[in-house]
Amino acid sequence: MAGITKTPVDGFPTSTSATQHETEDILIKHLPPPSASAANHYVLQKTKHLQYLMRTFTQGFPQRYTSQDASQPWLMFWTLQSFSLLKVGMDPGNRQRAIDTILTWQHPQGGFGGGPGQAAHLLTTYAAVCALAIVGRPGKGGGWDDIDRTKLYSFFMSLKQRDGSYLVAHHAEVDVRGIYCLLVVATLLDLMTPELVRGTRDFVRSCQTYEGGFSSASQPYYDAEGNLMALRPPLGEAHGGYTFCALASWVLLEPCAEEGEKDIDKSNLLRWLVQMQGGKTELGGFKGRTNKLVDGCYSWWVGGAFALFESLHPSSKPHLLNPHPPESDVDEDAWDDIDDGLLNREALQEYILLAGQHPAGGLRDKPPKPADAYHTEYVLAGLSTAQHRVIPDEKRKKQLEAVWNDRENEDESLRKRVYLDAMCWQQDETGSSFIGGIRSNEVNASHPLFNLTITHTQAIMGHFYGQSVPRRDGGA
């Protein structure tokens with residue numbers, strides 16, 4: 001298309017730059033003509049996506065998913081959360097069917113495995129618990145009270161390492177994604193203790209790379225007496241998935257922060273996040289690593305990280321996610337929200353709506369790839385973060401604190417801080433943004449920490465913390 005310049009190669013073309021240009025050629029073809037109506041091109045095909053989800057939920061996944069036998073909780077979570085984002089609830093029969101299936105994955109010694117009889121794993125535990133947050137309920141057969149929290153906590157502690165990290169499973173590796181999954185579950189189910197998270201913030205901080213993003217882990221070194229040394233180099237390059245999980249873990253651990261502790265490098269992190277969003281030839285999509293191709297799933301893993309960053313950096317709120325860009329008539333082909341904002345929300349929506357949707361239903365990495373359960377959920381979650389501004393709200397926190405009920409004879413300080421910090425995130429109703437002004441594309445807002453709706457987050461946390469959750473308007 002005229003006027004669009006491809007990524008420069010600086011006179012040194014490589015196989016990587018060739019693939020980049022091939023991808024840009026494909027993506028540019030998905031741009032509508034300048035005279036086209038937004039209403040005809042920027043359309044979320046909700047009916048097709050729901051039909052895609054219903055086929056897999058009721059009929060089962062295609063044969064190619066047999067390789068995902070150890071990821072059954074993930075397939076369930078991706079499907080259920082996709083329904084939630086599309087504002088569709090489950091009927092009682094399918095809801096109970098899902099609950100009963102999820103409980104078959106619970107390991108006798110705590111945690112959830114990838115399928116019946118499989119070893120417990122932090123990642124599948126997260127997926128199973130979040131799936132129960134969506135379809136479960138208190139009481140007999142509801143799933144929530146069937147979670148063995150005592151054994152789950154013991155499972156968590158059995159994975160704890162001296163450097164503050166955790167193995168993702170027994171006899172497995174350390175991975176910051178596992179730490180995120182553990183912290184989410186501990187937060188939702190009221191399992192957070194000083195013992196559980198001792199040293200974990202230090203470990204998370206050590207995973208930050210020179211680029212600003214985070215790697216999967218760091219290498220611990222010990223002196224002759226067995227003491228952990230300050231030298232803890234990150235292992236590997238900065239990556240979108242690791243960065244989201246590390247940043248979300250950092251936010252989840254804020255209630256445990258100690259006075260005077262060293263912070264993460266926020267300015268370098270923000271620089272890296274911004275650089276991961278593609279230009280016009282990439283339709284504003286996100287990549288997960290430097291010099292890699294855009295991929296729809298990073299709409300959430302990187303795009304969703306901006307809200308987490310904003311929660312740590314209140315002074316940046318006016319320019320991080322400006323939902324009301326100034327009007328401009330300089331260039332009709334320019335994105336509408338070119339301003340001081342660091343996340344181009346309308347450009348991200350453009351990528352998702354033009355390139356992220358498969359014609360037959362479901363969402364994808366990029367054309368011409370097929371749709372799959374993983375990308376359907378995370379691209380929809382990315383669309384949610386591009387449409388909605390969800391932030392911690394001090395007024396909501398005070399409202400929750402006013403009705404807090406302490407347990408007798410226990411120190412409630414950490415427990416209360418964890419609850420209030422997680423529950424006070426609210427959708428800023430004035431901060432919504434829809435490309436072309438098409439509100440029919442709206443999906444549900446997602447909690448930036450959990451990738452659950454605010455409603456599901458409040459319901460499960462209210463239950464496990466034994467708290468009454470007031471309505472936003474102040475009602476009981």
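## Helices and salt bridges: worked exercises

R205 is buried, at a relative accessible area of 18%. Keep that residue in mind, and remember that you're working with a predicted model.

**Exercise 1.** Work out where D202 and R205 sit, and how their side chains meet.

*Solution.*
- Step 1: find the two residues. Helix α10, covering residues 200-206, holds both D202 and R205.
- Step 2: check the spacing. D202 and R205 are three residues apart, which is about one turn of the helix.
- Step 3: look at the side chains. They meet in a salt bridge, with 2.7 Å from N to O, and that passes the cut-off of within 4 Å.
- Step 4: add the surroundings. D202 is partly exposed at 34% relative accessible area, whereas R205, at 18%, falls under the 20% cut-off and counts as buried.

Here's the general idea: side chains of opposite charge can pair up when their charged atoms come close.

**Exercise 2.** Decide which parts of the structure the R389 and D428 pair ties together.

*Solution.*
- Step 1: confirm the pairing. The side chains of R389 and D428 form a salt bridge of 2.8 Å, N to O.
- Step 2: place each partner. R389 is in the loop between α17 (373-387) and β3 (390-392), and D428 is in the loop between β4 (425-427) and α20 (454-465), so this pair ties together parts that lie 39 residues apart in sequence.
- Step 3: ask whether they're buried or exposed. Both R389 and D428 are buried.
- Step 4: look at some other salt bridges. D190, R407, E412 and R415 are joined into one network by salt bridges that share partners. K366 pairs with D365, their closest N and O atoms being 2.9 Å apart, and both of these residues are buried. The full count is 21 salt bridges.

**Exercise 3.** Describe how helices α8 and α20 pack, and sort the residues of their contact.

*Solution.*
- Step 1: get the geometry. Helix α8 (residues 176-188) packs with α20 at an angle of about 65 degrees, and their axes are 8 Å apart.
- Step 2: list who meets whom. From α8 come A186, T187 and L188, which meet T457, I460, M461, F464 and Y465 of α20.
- Step 3: sort them. The contact has six nonpolar residues, two polar ones and no charged ones.

**Exercise 4.** Compare the span of helix α11 with what you'd expect, then say why the helix is largely enclosed.

*Solution.*
- Step 1: count. Helix α11 runs over residues 240-252, giving it 13 residues.
- Step 2: compare. From first C-alpha to last, α11 reaches 18 Å, close to the expected 18 Å at 1.5 Å a residue.
- Step 3: check burial. Of its 13 residues, 13 are buried, so α11 is largely enclosed by the rest of the structure.

Definitions and conventions. Residues are numbered from 1 along each chain as its sequence is written. This is a predicted model: local features need pLDDT of at least 70, side-chain atom pairs count only at pLDDT 80 or more; totals for chains, interfaces and linings use all residues. Side-chain values use heavy atoms; hydrogens and water are left out. Helices (H or I, at least four residues) and strands (E, at least two) are DSSP runs, numbered from the N terminus. The expected span of a helix is 1.5 Å times one less than its number of residues. Buried means under 20% relative accessible area, exposed over 50%, partly exposed in between (1.4 Å probe, protein chains only). Axes are lines fitted to C-alpha atoms, for helices over the stretch in contact, and angles run from 0 to 180 degrees between N-to-C directions. Contact means heavy atoms within 4.5 Å. Ala, Val, Leu, Ile, Met, Phe, Trp, Tyr, Cys and Pro count as nonpolar, Asp, Glu, Lys and Arg as charged, and the others, Gly among them, as polar.
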